Amino acid sequence: MRMNILFLGDVMGRSGRDALTKHLPALREQWTLDFIVVNAENATSGMGLNAEHAKQLLSLGVDCITLGDHSFDQREMVNYIEQEPRIIRPINFAKSAPGRGFGFFPTSSGKKVFVAQVLGQVFMKKNFSDPFSALDSVLSGVNLGNNCAAAVVDLHAEATSEKMALGHWCDGRVTLAVGTHTHVPTADLQLLDKGTAYQSDAGMCGDYNSVIGMDKLEPISRFVTGMNKGRFIPASGIATLCGVIVEINNSGFAKKVSTVRFGGKLDQSSLQ
Ligand SMILES: [Fe+2]
Ligand SMILES: [Fe+2]
């Protein structure tokens, strides 16, 4: 049976939320999507995710929301993540962090999709624990084609080298291992040796006339002067939806993977 999963990268502020609201319900039909994963660590004012915006994304047909290093920038997520099992934070965020870092989520056909998120260590502000052993412990419970029809790992990291190493670490164990956090789509979408689809960064769902989704004036000013003059504000132009669509075979591995860059500056006329 054919199954399609859409993964969208970091939703950035109102611009990103508006693009999902406008396009996602129709794309679900048009692209015959069975399951949608969205990274939303920047969906509320570019910093974290509040309950209102989480509900909004879930009401559009998003099946699972992943977060990241900005998981709890909006304080209400500390409680809300315990009430909403469709939201996950990284498996190696902190031992005391609320919520969970992985889950088995139902599709409309009754099959389950496993989703987990892991944080990298290279160039991250906080020293998170070893992502490789953290992945080993959660992936030991994943049996593709048996206890889940597909498995997705969100690699939330800064360095492409670490993301590629993590991707190969997941190869043969999950359907899709895809990077988030850097907000720029990479051109290395591929099927790894043992059947896992991989891309170093899915790209953000945001306005690309910006500096990684923020209005460009303040970031440029900080680089030029070394001083903080104002606040970072999400850029407000039309967003490009960025991510991947994976078609899954009966054994749970990737049969085909395609780039999604829909709308806004990076539009490449949707599905390729
Ligand atoms: Fe991040
Ligand atoms: Fe992000």
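Okay, let me start with one threonine. Leaving aside residues up to four places away in sequence, threonine 186 touches Gln199, Ser200, Asp201 and Arg261. Keep in mind that this is a predicted model. Where does threonine 186 sit? In the loop between β8, residues 176–180, and β9, residues 190–191. There's a polar contact here too: a polar atom of the threonine 186 side chain is 3.4 Å from the backbone nitrogen of serine 200.

One of those neighbours, aspartate 201, has a charged partner. Aspartate 201 makes a salt bridge with lysine 163, and the closest N and O atoms are 3.0 Å apart. Aspartate 201 belongs to the loop between β10 (197–199) and α6, while lysine 163 is in helix α5, residues 160–170, so this pair ties together parts that are 38 residues apart in sequence. And both aspartate 201 and lysine 163 are buried.

Back to the loop between β8 and β9, since histidine 183 is in there as well. Its backbone is a bit unusual to look at: phi of histidine 183 is near 70 degrees, so we have a positive value in a residue other than glycine. Histidine 183 counts as buried because its relative accessibility is 5%, under the 20% cut-off.

Now the metal. Which atoms coordinate the iron ion, ligand 2? Asp10 through OD, Glu41 through OE, Asn42 through OD1 and His183 through NE2, at 2.1 to 2.2 Å. Along the chain, the donors of that iron ion follow the spacing D-x30-E-N-x140-H. Asparagine 42 is in the loop between β2 (35–39) and α2 (51–59), and histidine 183 in the loop between β8 and β9, so the two tie together parts that are 141 residues apart in sequence. Asparagine 42 is buried, like histidine 183.

As for geometry, the angles among the four donor atoms of ligand 2 run from 86 to 167 degrees, and the site is irregular. For reference, four tetrahedral donors would ideally give 109.5 degrees. Why isn't this site, with angles of 86 to 167 degrees, called tetrahedral? Because tetrahedral needs all angles between 85 and 135 degrees, and the range here goes up to 167. There's a second iron ion, ligand 1: glutamate 41 bridges it and ligand 2, and the two ions lie 3.7 Å apart.

On to the other charged pairs. The salt bridge count comes to six. Among them, arginine 28 pairs with aspartate 63, with closest N and O atoms 3.2 Å apart. Arginine 28 is in helix α1, residues 13–30, and aspartate 63 in the loop between α2 and β3 (64–66), so that pair ties together parts that are 35 residues apart in sequence. Aspartate 63 counts as buried, at 18% relative accessibility. Another is glutamate 84 with arginine 86, at 3.0 Å between the closest N and O atoms. Glutamate 84 is buried at 9%, whereas arginine 86 is partly exposed at 35%.

Another backbone spot to flag is threonine 32, in the loop between α1 and β2. Threonine 32 isn't a glycine, yet has a positive phi of about 40 degrees. Threonine 32 is partly exposed, with a relative accessible area of 41%.

Last stop, helix α6, residues 217–225. Glu218, Pro219 and Ser221 are buried there. Looking down the axis of α6, the buried residues fall within an arc of 160 degrees, so they line one face of the helix. On the other side, Leu217, Phe223 and Val224 are exposed. After α6 comes glycine 226, with a positive phi near 75 degrees.

How values were computed
Residues are numbered from 1 along each chain as its sequence is written. Chains are lettered from A and ligands numbered from 1 in the order in which they are written. This is a predicted model: local features need pLDDT of at least 70, side-chain atom pairs count only at pLDDT 80 or more; totals for chains, interfaces and linings use all residues. Side-chain values use heavy atoms; hydrogens and water are left out. Buried means under 20% relative accessible area, exposed over 50%, partly exposed in between (1.4 Å probe, protein chains only). Helices (H or I, at least four residues) and strands (E, at least two) are DSSP runs, numbered from the N terminus. The arc is that of the directions from the helix axis to the C-beta atoms. A polar contact is a pair of N or O atoms within 3.5 Å; within protein, one must be able to donate a hydrogen and the other to accept it, and residues adjacent in sequence count only if both atoms are side-chain atoms. Contact means heavy atoms within 4.5 Å. Donors are N, O and S atoms within 2.8 Å of the metal (3.2 Å for Na, K and Ca); water is not among the atoms, so sites may look incomplete. Four donors count as tetrahedral if all angles lie between 85 and 135 degrees; four count as square planar and six as octahedral if opposite donors are over 155 degrees apart and all others between 65 and 115; anything else is irregular. A salt bridge is a side-chain nitrogen of Lys or Arg within 4 Å of a carboxyl oxygen of Asp or Glu.
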